[in-house]
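Biologist: I would like a close look at a single part of this model, the open sheet of four strands, and then at whatever helps to place that part among the rest of the chain. Please take it slowly and name the residues as you go.

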Amino acid sequence: MSTREQLLRYLLIVRKLRQSKRTSAKDLFRFLRDESELQGYDFDISVRTLQRNFKDIESIFGIVIKCDRSTQQYYIYEDSLDDMNNRLLETFDLIYALNVAEKKTPYLILEKRADAGTEYMHGLIYAIQNQKIITISHLKFFEDTPTVRELQPYALKEFKGRWYIFAVETNTKAIKNFGLDRIKKLDISNKKFSKNTDIDAEIYYKDCFGIINPENQPPEKIVLWFDRSQAGYLETLPLHHSQKFEQVADNYIIVTYFMKITYDLEREILSYGHHAKVLEPAWWRDVLYGNGVY
């Protein structure tokens with residue numbers, strides 16, 4: 001069996017267990033046979049191979065599949081799922097959809113976008129784990145010439161579909177973010193750096209929306225008014241982990257946050273147009289709308 005078939009079988013097993021929650025080996029085998037006919041591959045396997053596949057899925061992806069002995073049904077062990085594993089499951093669904101639609105492009109409309117720079121992720125993760133100094137050639141938007149930066153990498157952060165390297169610049173000791181999609185070249189040196197234990201990327205971004213963190217600016221309570229139509233969007237995709245629904249009325253909702261007021265946040269709120277308004281703090285409301293008139 002080819003590596004492609006093996007990977008697709010892993011994806012199918014995980015997808016079936018996600019959809020059915022619990023399923024017997026018999027139903028799983030039937031599902032794999034049906035998919036073999038649909039896709040033109042041979043996904044048919046034995047019980048022993050299925051058990052090996054479960055172990056492979058756990059080893060490679062950290063997703064644990066268990067068997068309920070009372071019902072003889074298999075299920076994904078929820079305690080093995082964190083944000084990273086859930087993202088992997090979403091990726092499984094996307095890979096499967098892309099594979100199925102490979103020769104049926106009219107059925108899958110992809111967003112046109114530039115290279116996301118994900119080809120650098122493996123090298124950057126290696127450098128972060130091994131505390132290796134890196135050098136990047138980085139091209140800012142609206143500039144023609146890239147700059148060369150020597151960095152001590154600490155973490156990768158995602159924001160609005162873009163990935164950023166969170167790092168300390170070697171010569172200035174300043175904390176910086178660089179978009180992976182703007183990196184033109186990456187070199188990983190053999191030089192190691194001593195990690196500053198006081199720098200924690202999660203804590204650094206805790207009070208921020210996006211990747212901008214004005215370090216001398218304290219977080220504050222923010223009260224926003226939203227059109228009632230936005231409630232579902234905010235419930236499923238909160239603007240910030242501090243989000244709280246304070247009031248839900250027929251036509252509007254009042255939502256509070258505790259975070260820093262930054263350019264990223266300002267652009268986000270204004271992007272809602274008349275569907276969102278700043279109520280507090282008053283100074284920010286006045287800056288955005290002109291003495292509170294909006």
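Modeller: A good place to enter is one residue pair: F245 has V255 in strand 11 as its bridge partner. The model is a predicted one, and what follows should be read in that light. Strand 10 and strand 11 run antiparallel and are joined by four bridges. They belong to an open sheet of four strands, ordered 10-11-9-12 and paired in the antiparallel sense. Strand 10 (244–248) and strand 12 (276–280) stand at the edges of this sheet, and because each has a single partner strand, one side of each is left without a neighbour in the sheet. From one strand to the next, the twist averages 25°.

Helix 9, made up of residues 282–289, lies across strand 9 (220–227) and strand 12, and its direction is at about 140° to strand 12. Helix 9 also packs against helix 8, at an angle of about 60° and with the axes 12 Å apart, in a crossing that is right-handed. On the helix 8 side, the residues that meet helix 9 are L265, E266, I269 and L270, while helix 9 brings W284, L288 and Y289 to the meeting.

Going back along the chain from helix 8 leads to T262, which is found in the loop between strand 11 (252–259) and helix 8 (263–271). With a relative accessible area of 5%, T262 counts as buried, because that value falls under the 20% limit. Its contacts, once neighbours within four places in sequence are set aside, are F209, I212 and P214.

The other open sheet offers a useful parallel reading. Five strands form it in the order 7-6-5-4-8, again with antiparallel pairing. Here strand 7 (175–179) and strand 8 stand at the edges, each with a single partner strand, so one side of each is left without a neighbour in the sheet. The twist in this sheet averages 45° from one strand to the next. Strand 4, residues 132–138, pairs with strand 8 over six bridges in the antiparallel sense, and I136 has L186 in strand 8 as its bridge partner. Helix 5 (residues 121–129) lies across strand 4, strand 5, strand 6 (162–169) and strand 8, running at about 100° to strand 5.

Strand 5 also leads into the aromatic residues, for the structure holds 10 aromatic pairs. One of them is formed by Y154 and F193, which are tilted, with 5.8 Å from centre to centre and 40° between the planes. This pair links distant parts of the chain, since Y154 is in strand 5 (residues 147–159) and F193 is in the loop between strand 8 (183–192) and helix 6 (201–205), 39 residues apart. Y154 and F193 are both buried, and they form one aromatic cluster together with F166, Y204 and Y205. K157 lies over the face of Y205, at 4.6 Å from the ring centre. A further charge over a ring is found at R182, which lies over the face of F141 at 4.0 Å from the ring centre.

Definitions and conventions. Residues numbered from 1 in each chain as written. Predicted model: local features only at pLDDT ≥ 70, side-chain atom pairs only at ≥ 80, totals over all residues. Heavy atoms only, no water. Helix = DSSP H or I, 4+ residues; strand = E, 2+ residues; numbered from the N terminus. Buried < 20%, exposed > 50% of the residue type's maximum accessible area, 1.4 Å probe, protein only. Contact = heavy atoms within 4.5 Å. Pairing = 2+ DSSP bridges. Axes fitted to C-alpha atoms, helices over the stretch in contact; angles between N-to-C directions. Phe/Tyr/Trp six-rings, centres within 6.5 Å; stacked < 30°, edge-to-face > 60°. Lys NZ or Arg CZ within 6 Å of the ring centre and 35° of its normal. Left-handed = near helix turned anticlockwise from the far one by under 90°.
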